[in-house]
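These are my notebook entries on a structure that I looked up one item at a time. The sequence and the structure come first, and the entries follow.

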Amino acid sequence: MEELNKDQLTILKKAFEAFDHEKKGCIGTVMVGTILGMLGHSITDDMLKEIIDEVDVDGSGELEFEEFVTLASRFMVEEDAEAMQQELKEAFRLYDKEGNGYITTAVLREILRELDDKISAEELDMMIEEIDSDGSGTVDFDEFMEVMTGGDDER
């Protein structure tokens, strides 16, 4: 199995957590197709079933994060920054329902809360303030990319 880099693992963790609504550390195998689809991989139901049977070793119908990583790594190894940008563009498009080329900070707040339910309102405010530096109340794709990939952090 190929090793995933830290960024790829972070993306998978966020995707996993977004679908682990009950925060029980596993997601139903039915979600896997959805997630792979969001990441830009379309596979047939048969292929999906085959992969899940292989990865869901305990046959629980649920994938723990490690199992999910094993499965997703098969699709992500050949990924590069460009593919990642494409995937984020797709995700952005899902939220930019009117196709305006931006999402509101309220929508971004929902996405961030979905990705990290332990985040406080203050942290969210600070993040939104930093992202929406011009105070427009909207976030364009480049700003969204920065948030999702952790780019441009002053460390």
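**Entry 1: D20 and its loop.** I looked up D20 and found this residue in the loop between α1 (6–19) and β1 (26–28). Helices here are DSSP runs of H or I with at least four residues, strands are runs of E with at least two, and both are numbered from the N terminus. The model is a predicted one, in which local features need pLDDT of at least 70 and side-chain atom pairs count only at pLDDT 80 or more, while totals for chains, interfaces and linings use all residues. Residues are numbered from 1 along each chain as its sequence is written, and side-chain values use heavy atoms, with hydrogens and water left out.

Does D20 count as buried or exposed? I noted that D20 is buried, yet has no salt bridge. Buried means under 20% relative accessible area, exposed means over 50%, and partly exposed lies in between, with a 1.4 Å probe and protein chains only. A salt bridge is a side-chain nitrogen of Lys or Arg within 4 Å of a carboxyl oxygen of Asp or Glu. For D20, the nearest side chain of opposite charge is K23, 5.9 Å away. In this count Lys and Arg are positive and Asp and Glu negative, whereas His and the chain ends are not counted.

I then listed what D20 touches: G25, C26 and I27, not counting residues up to four places away in sequence. Contact means heavy atoms within 4.5 Å.

**Entry 2: K23.** I turned to K23, which is also found in the loop between α1 and β1. K23 has a positive phi of about 50 degrees although it is not a glycine. K23 counts as partly exposed because its relative accessible area is 37%.

**Entry 3: Salt bridges.** How many salt bridges does a search of the whole structure find? The search finds six, and I looked up several of them.

I began with K13 and E17, whose side chains meet at 3.5 Å, N to O. K13 and E17 are four residues apart in helix α1, so about one helical turn separates them. K13 is partly exposed because its relative accessibility is 34%. E17, at 24% relative accessibility, is partly exposed as well.

I next examined K49 and D53, which form a salt bridge with the closest N and O atoms 2.8 Å apart. Both residues lie in helix α3 (residues 45–55), four residues apart, about one turn of the helix. K49 is exposed because its relative accessibility is 52%, whereas D53 is partly exposed at 47%.

I then looked up R109 and D125, a salt bridge in which the closest N and O atoms are 2.8 Å apart. This pair links distant parts of the chain: R109 is in helix α6 (residues 105–115) and D125 in helix α7 (residues 121–131), 16 residues apart. R109 has 29% relative accessibility and is therefore partly exposed. D125 is partly exposed too, with 37% relative accessibility. I also recorded that salt bridges sharing partners join E22, K24 and E62 into one network.

**Entry 4: Helices α6 and α7.** I looked up T105, which is found in helix α6. T105 is buried because its relative accessible area is 16%. Leaving aside neighbours within four places in sequence, T105 is in contact with I128, D132, G137, T138 and V139.

In helix α7 I chose M127. M127 counts as partly exposed because its relative accessibility is 30%. M127 touches L112 and I119, not counting residues up to four places away in sequence. The C-alpha atoms of M127 and R109 are separated by 8.9 Å, although the two residues are 18 apart along the chain.

**Entry 5: An annotated span.** I consulted the UniProt record, an unreviewed entry, whose annotation "domain: EF-hand" covers residues 43–78, 83–118 and 119–154. UniProt positions are given in the numbering used here, feature names are shortened, and annotations may be inferred rather than shown by experiment. For residues 83–118, I noted that the end C-alpha atoms lie 29 Å apart and that the span is 67% helix and 8% strand.

**Entry 6: L94.** I closed with L94, which has its place in helix α5 (residues 81–95). L94 counts as exposed because its relative accessibility is 52%.
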